[in-house]
Amino acid sequence: MTTSNPLVGKAPNALARNGTVQFLLGSLLLIALTLLVAELDGAIGNLFKANGFRNNPLEYPLTAVLIGLLVNFLLRVTRTYEAIRPAIRTEFYLKVGLVLLGARISFGDLLATGVGGLIQALIMVAAVFGFTWWLGGKLKLPDTLRAVMATAVSVCGVSAAIAAAGAVQARKEEVTYITTLVILTALPLMVLMPILAGALQLTPTVAGAWFGGNIDTTAAVVGAGTIFDPKAQEVAAVVKLTQNVLIGFVAFGLAVYFAMVVKKNEDEPRPGLRVIWQRFPKFVLGFALVSLLVSVGLISKDAAKVVDTASKWLFTLSFVCIGLDFSLKDLREAGWRPIAVYMAATVFNTIIALGIAYVIFGVIFPR
Amino acid sequence: MTDKNHPPTSERFTLNEDWLATIIGLIVVLVLALGGIAAIPYPLFNLF
């Protein structure tokens with residue numbers, strides 16, 4: 001069965017106008033849903049307090065994702081999903097929120113956590129990328145698919161998958177497929193890892209480093225940190241951002257490898273070092289700049305608190321979008337082997353990240 | 001060349017998206033910090 005596309009046959013201006021209307025409609029819906037999450041979260045928190053609980057176990061990231069999933073389902077059932085799709089920009093809202101999060105983290109802490117995070121990221125990316133690439137080869141996945149998968153699972157989820165796909169010229173379907181797997185695994189991890197960290201009695205710093213080193217998508221990393229502890233959220237965000245910075249180097253390495261080994265007979269231009277800068281996540285610079293401005297006193301502590309609150313609004317928007325963006329449709333055609341490799345890589349990542357986070361942030365740089 | 005063989009079109013957007021997020025983030029910080037806004041004006045939003 002096919003569905004008719006209402007945009008087919010319209011002039012370019014009409015298409016652009018339609019896209020703008022959809023974006024505005026979607027933005028209104030997103031704002032309404034974010035306010036709904038705030039109200040619901042407040043009400044749920046009060047309910048737990050009235051029943052003798054000190055903390056709300058259903059933290060706002062989870063409430064936001066659940067609301068997003070519910071509305072996603074309703075929009076798809078009523079076939080109105082496409083009418084708001086242009087406004088669903090999970091990564092964009094998250095990146096703006098991360099720039100604002102810089103207001104909460106002193107520049108000294110940022111550097112201190114960043115050093116440990118960089119050591120952890122180098123070990124994690126090498127180990128997890130190597131394992132996923134090797135296992136993907138054993139199960140005979142196409143080179144492009146295992147390159148995209150290994151980068152996504154070892155570096156930073158969706159944005160890494162897109163960068164790797166550009167470097168190795170993967171097919172669109174492979175990126176969509178990996179993106180679905182990233183979100184499919186990140187959602188349960190966002191909820192389960194804080195519970196496990198509590199059961200293992202990890203310190204907020206070690207727990208944050210574990211979340212940042214393991215969960216693939218940055219939004220879910222921030223979500224898990226938020227659920228566990230404010231300090232864990234800070235460490236998780238810094239560790240993940242440090243890992244994000246490596247994407248340029250991984251994309252460059254992949255581009256060189258594919259040009260010289262995998263596709264050496266094809267008439268393609270050789271990749272240059274500028275790939276590293278092209279892929280560098282520039283919002284990390286904004287994050288560091290805001291942290292520096294607060295640390296040197298150019299932004300007052302009171303103003304920093306307001307900026308921090310604004311970052312939580314944007315994170316909520318991003319969490320709602322995670323739920324709205326989710327779709328299982330693309331998994332059906334891919335078969336079991338890529339799923340098996342991805343799940344095995346996630347388990348491997350979880351175990352190794354726990355050990356490395358504990359050694360680096362619990363033993364070498366205890367804080 | 002078929003559509004399937006093209007690299008993802010969103011690749012180009014992502015690069016711009018990073019800068020856009022950075023610029024918007026810095027503008028929000030400047031507006032909130034220099035504008036002397038003491039609180040986000042939404043009284044019920046007290047969970048954060």
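Reader: What is the relative accessible area of Leu285(A), and which class does this value give?

Author: This is a predicted model, in which local features need pLDDT of at least 70 and side-chain atom pairs count only at pLDDT 80 or more, while totals for chains, interfaces and linings use all residues. Residues are numbered from 1 along each chain as its sequence is written, chains are lettered from A and ligands numbered from 1 in the order in which they are written, and side-chain values use heavy atoms, with hydrogens and water left out. With a 1.4 Å probe and protein chains only, a residue is buried under 20% relative accessible area, exposed over 50%, and partly exposed in between. The relative accessible area of Leu285(A) is 40%, so this residue is partly exposed.

Reader: In which helix does Leu285(A) lie?

Author: Helices (H or I, at least four residues) and strands (E, at least two) are DSSP runs, numbered from the N terminus. Leu285(A) belongs to a helix of chain A that covers residues 283–295, namely H12.

Reader: Which residues make the nonpolar surface patch, and what is its area?

Author: Such a patch is made of residues with over 30% relative accessible area and no salt bridge, where nonpolar side chains (Val, Leu, Ile, Met, Phe, Trp, Tyr) are joined within 5 Å and like charges within 9 Å. Areas come from the Shrake-Rupley method with a 1.4 Å probe, and for residues only the protein chains shown count as cover. Trp277(A) and Leu285(A) join Trp19(B), Ile23(B), Ile27(B) and Val31(B) in this patch, whose area is about 580 Å².

Reader: Which helix gives the largest share of the nonpolar patch?

Author: Chain B has one helix and zero strands, and 23% of its 48 residues count as buried. Four residues of the patch, its largest share, come from the helix of chain B that spans residues 10–34, which is H1.

Reader: How many helices does chain A hold?

Author: Of the 367 residues in chain A, 55% are buried. Read along the sequence, chain A is written as an unbroken series of α symbols, and with zero strands its number of helices is 14.

Reader: How much space lies in the second largest cavity?

Author: On a 1 Å grid over the protein atoms alone, a cavity is a set of points where a 1.4 Å probe fits but cannot get out, and lining residues have an atom within 4 Å of a point. Grid points are joined across faces, edges and corners, and a volume is the space filled by probe spheres set on the points. There are two cavities of 30 Å³ or more in the structure, and the second largest has a volume of about 40 Å³.

Reader: Which helix gives the largest share of the lining of the second largest cavity?

Author: The lining includes Ile105(A), Leu110(A), Lys231(A), Glu234(A) and Val238(A), and the elements that give two or more residues to it are H4 (107–138) and H9 (230–245) of chain A. Val238(A), located in H9, is buried at a relative accessible area of 3%, and its C-alpha atom is separated by 6.9 Å from that of Leu110(A), 128 residues apart along the chain. The largest share, four residues, comes from H9(A).

Reader: How far apart are the N and O atoms in the salt bridge of Lys231(A) and Glu234(A)?

Author: Side chains of opposite charge can pair when their charged atoms come close. A salt bridge is a side-chain nitrogen of Lys or Arg within 4 Å of a carboxyl oxygen of Asp or Glu. Because Lys231(A) and Glu234(A) are three residues apart in helix H9 of chain A, about one helical turn separates them. Lys231(A) is partly exposed at 26%, Glu234(A) is buried at 14%, and their N to O distance is 3.8 Å.

Reader: Which residues are linked with Lys231(A) and Glu234(A) in a network of salt bridges?

Author: Over all chains, a search finds ten salt bridges. Besides Lys231(A) and Glu234(A), the network links Arg104(A), Asp308(A) and Lys312(A).

Reader: What is the N to O distance in the salt bridge of Arg146(A) and Asp143(A)?

Author: These two residues are three apart in helix H5 (residues 143–168) of chain A, so about one helical turn lies between them. Arg146(A) counts as buried at 13%, whereas Asp143(A) counts as partly exposed at 29%. The distance from N to O is 3.0 Å.

Notes: On a 1 Å grid over the protein atoms alone, a cavity is a set of points where a 1.4 Å probe fits but cannot get out, and a pocket is an open set with protein on both sides within 12 Å along at least five of seven lines; lining residues have an atom within 4 Å of a point.
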